[in-house]
Amino acid sequence: MYSDQKYWNPILETLPHEKLRDLQLKKFKRIFRWGYDHSKFHRALYDKAGIKPDDIRSFDDIRKIPVVEKSMMREIQRKDPFPYGDMLCVPLEEVSEYRQTSGTTGQPVYQADTWQDWEWWSECWSFILWAQGYRPKDRVFLPFGYNVFVAFWAGHYAAEKIGAEVVPGGVLDTQARILKIQEIHATAMMATPTYVLGMADTAKNKMGIDPRSLTINKITCAGEPGASIPTTKARMEEAWNAKVYDHAGATEIGAWSFECIEQSGGLHVNEAFFLVEIQDIETGEYIEEPGRRGKMIITALDRIGQPCIRFDSKDVIMWASDPCPCGRTFRRIKGGVIGRADDITKVKGVLLSPAAIEEVVRGITGLSDEFEVIVDKKGDVDRITLKIELMPDAVNRKDPIEAELKDQLRLKTNLGYILEFHEFGSLPRYEVKAKRFKDLREKH
Ligand SMILES: [Zn+2]
């Protein structure tokens, strides 16, 4: 029975790395030529740089190709062919899927996919689910709003593709979703970390149901870095008595990475389907060695409708060093997506990553899952305010908790904070993706 097999694609997932690199180069040349031949946008970009498809012979040649930024995509959109603009590589009638980005930093980007692309999306997600132990016997519950955002749409199709049973939990509210999980004995679910914690809180505090008593044994997270932040992962696993796995993907890119069942502290990049390059944010140098962070430039090697060729994702990542015990030859990025190049700001001259603050807060017993970080200026001096909540049963331990929090923050982020304790339940609760970081300083 194929459910006994360890890998979704035993050939690609264990291909010696040099062979994977050959495959990537071959596929890159193909998608580059495709973009050049079929989209005015790509042809103009590459002509301007004086690069033709025949010039691409090596990975060094690839690095000379201009990157595509999100702002460039916004500029061409809402023009012909409407609404995608001339990045589109197929006639409009071949588009079968419309999605858009969530637009937290401006106008949303529209994403077209053909049916072939949509099958490719579910294939990519099949690698993810199989690696996380999903099998045909699973009953997978999807507590998410099926709408214009790609979110877990492809996870839904992939769960069907691998032979599992899918239960869409679309328009239900949180309480109804929990009752549905209880009623049908769902074994797995997919949600953002914020929602995984929010559901547990609702079950426990509003319904008197211990989520640990439900049958969920694995949870796939995406949309936020939480499942790769050890303390947030631990909170989720503890709340649900389930394994929690991370996945990073994006509308404009695809489902490019996944944590495997070994939970070895990183995400495998699906290197058979994506080419990931890491570039030093300050020097522009390309990074091959493990442990050095930079921003990700990524190419989806098989996406044809509206391709993703050297997209400057602004995700900050670094390569992991050791091979993973699972035996996959796909390289891993250590600690998942560490942050966003435009999110990691300098405060008092020190690089601050919101993920580091999350790791500290979620590691302290007695603090709730919620927090808020506000950076502003007093006179010329940057200051950071951290708002947190004490759990009702920890109110009499405020002093030691405050001291521990201060120490840990200093240790992990090298910065001092103004700590504001708020009553349990008073900070904003987020349904899907949280907005816990606010930078109120003027941007230059
Ligand atoms: Zn692995």
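In which sense, and over how many bridges, do strand E11 (residues 294–300) and strand E12 (residues 311–317) pair? The two strands pair in the antiparallel sense over four bridges, where pairing requires that DSSP finds at least two bridges between two strands, and where helices (H or I, at least four residues) and strands (E, at least two) are DSSP runs numbered from the N terminus. Within this pair, Ile 298 stands opposite Phe 311 in E12.

This is a predicted model, in which local features need pLDDT of at least 70 and side-chain atom pairs count only at pLDDT 80 or more, while totals for chains, interfaces and linings use all residues. Residues are numbered from 1 along each chain as its sequence is written.

E11 and E12 belong to an open sheet of four strands, with antiparallel pairing and the order E10-E11-E12-E14. Its edge strands, E10 (274–279) and E14 (339–340), each pair on one side only.

Strand E7 (residues 243–250) has seven of its eight residues buried, so it is largely enclosed by the rest of the structure; a buried residue has 20 or more other C-beta atoms within 10 Å of its own, with C-beta atoms placed from the backbone. The pairings of E7 are as follows.

| Partner of E7 | Sense | Bridges |
|---|---|---|
| E6 (residues 218–221) | parallel | four bridges |
| E8 (residues 254–258) | antiparallel | three bridges |

On the E6 side, Ile 219 stands opposite Val 244 in E7, whereas Ala 248 stands opposite Ser 257 in E8. A hairpin of three residues joins E7 to E8.

Methods. Buried ≥ 20, exposed ≤ 12 C-beta atoms within 10 Å, placed from the backbone.
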